[in-house]
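Subject: Structure for you to look at

Hello,

Here is the structure I said I would pass on. Please open it alongside this message.

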Amino acid sequence: AEMAEAEQSAARTRRTNRLLKTARLRFQDGLEALDVSPERNLERQVITRLSAMEWVNRGATLLVTGPTGVGKSFLACALGREACLRGISTRYTPATKLFQALHSARGEGIYVQQVERIRKTALWILDDFLLTPMSAEDRTSLLEIIDDRYAKSATIISAQLPVAQWHEAIGESTIADAIMDRLAHTPYIIELKGGSQRKKHPPR
């Protein structure tokens, strides 16, 4: 019995390590390292509720906004790490690198495979959304990805801009309407406040 239990524990550890490696999280710290305080507009009970991952199992969307350096990426990655520890496939992607990769994939004939890989990921983290202007190709790709995942797989999106400004920033009202219709109605929106957290949590 002890040998069987040890083997099960080792198997869980191997799976967790695989998930963490595949996730490519920008930060490796867990939720316990979060600065939870009223000044940051981040409540402990909210983090406790999110850490249970029930929202991930329902394929919900979490939107995290706030000024640069306030800890958006750190929060997203901490939740991503918790998901990996619970056996949930996770993938972290900076928005600029996502659209560059998809553009190259179109030229190489592997675009469908790239989008399918994202679709199959249980928790997808899109970081630094709308940091740069979106092209028509970017908007089309994002709509396709969001539509594939809507109410099926969980998504975390972080951005400096408040959610109310996303529609205008996305551009092309018809596509923006479709994207925001699938994003903005989520009950999970965190607007971080406070000073920079970069010195506290440098990337590893």
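Below are notes on the sheet, then on the pocket and the cavity.

Please keep in mind that this is a predicted model.

The sheet

Start with the strands. 5 of them form an open sheet, and their pairing is parallel. The order is β2-β3-β4-β1-β5. The edges are held by β2 and β5 (188-191). Each has a single partner strand, so one side of each is left without a neighbour in the sheet. On average, neighbouring strands are turned by 10° against each other, direction ignored.

Now take the two edges in turn. At one, β2 pairs with β3 (residues 123-129) in the parallel sense, over 5 bridges. Tyr92 stands opposite Ile125 of β3. A helix packs on the sheet here: α7 (residues 136-149) touches β3 and β4 (154-159). The direction of α7 makes about 145° with that of β3.

At the other edge, β5 runs parallel to β1 (residues 61-65), and 4 bridges join the two. Leu63 stands opposite Ile189 in β5. In a regular strand the side chains alternate between the two faces of the sheet. β5 shows such an alternation. Tyr188 and Ile190 point to one face and are buried. Ile189 and Glu191 point to the other and are not buried.

The largest pocket

How much space lies in the largest pocket? About 360 Å³. Its lining counts 13 residues. Nearest the centre of the pocket lie Arg24, Arg91, Tyr92, Thr93 and Ala101. β2 (90-94), α5 (95-108) and α6 (111-120) are the elements that give two or more residues to this lining. By class, the lining has 6 nonpolar, 3 polar and 4 charged residues. Note Tyr92 again: it lies among the residues nearest the pocket centre, and it also stands opposite Ile125 in β3.

The cavity

The structure holds 1 cavity of 30 Å³ or more. The volume of the largest cavity is about 40 Å³. Which residues line the largest cavity? They are Thr61, Ile146, Arg149, Tyr150, Ser153, Thr155, Arg182 and Leu183. α7 and α9 (173-183) are the elements that give two or more residues to this lining. So α7 appears twice in these notes: α7 packs on the sheet, and α7 contributes to the cavity lining. By class, the cavity lining has 3 nonpolar, 3 polar and 2 charged residues.

Best wishes

Key. Residues numbered from 1 in each chain as written. Predicted model: local features only at pLDDT ≥ 70, side-chain atom pairs only at ≥ 80, totals over all residues. Heavy atoms only, no water. 1 Å grid on protein atoms, 1.4 Å probe; cavity = no way out; pocket = protein on both sides within 12 Å on 5 of 7 lines; lining within 4 Å. Points joined across faces, edges and corners; volume = space filled by probe spheres on them. Nonpolar A, V, L, I, M, F, W, Y, C, P; charged D, E, K, R; others polar. Pairing = 2+ DSSP bridges. Axes fitted to C-alpha atoms, helices over the stretch in contact; angles between N-to-C directions. Contact = heavy atoms within 4.5 Å. Buried < 20%, exposed > 50% of the residue type's maximum accessible area, 1.4 Å probe, protein only.
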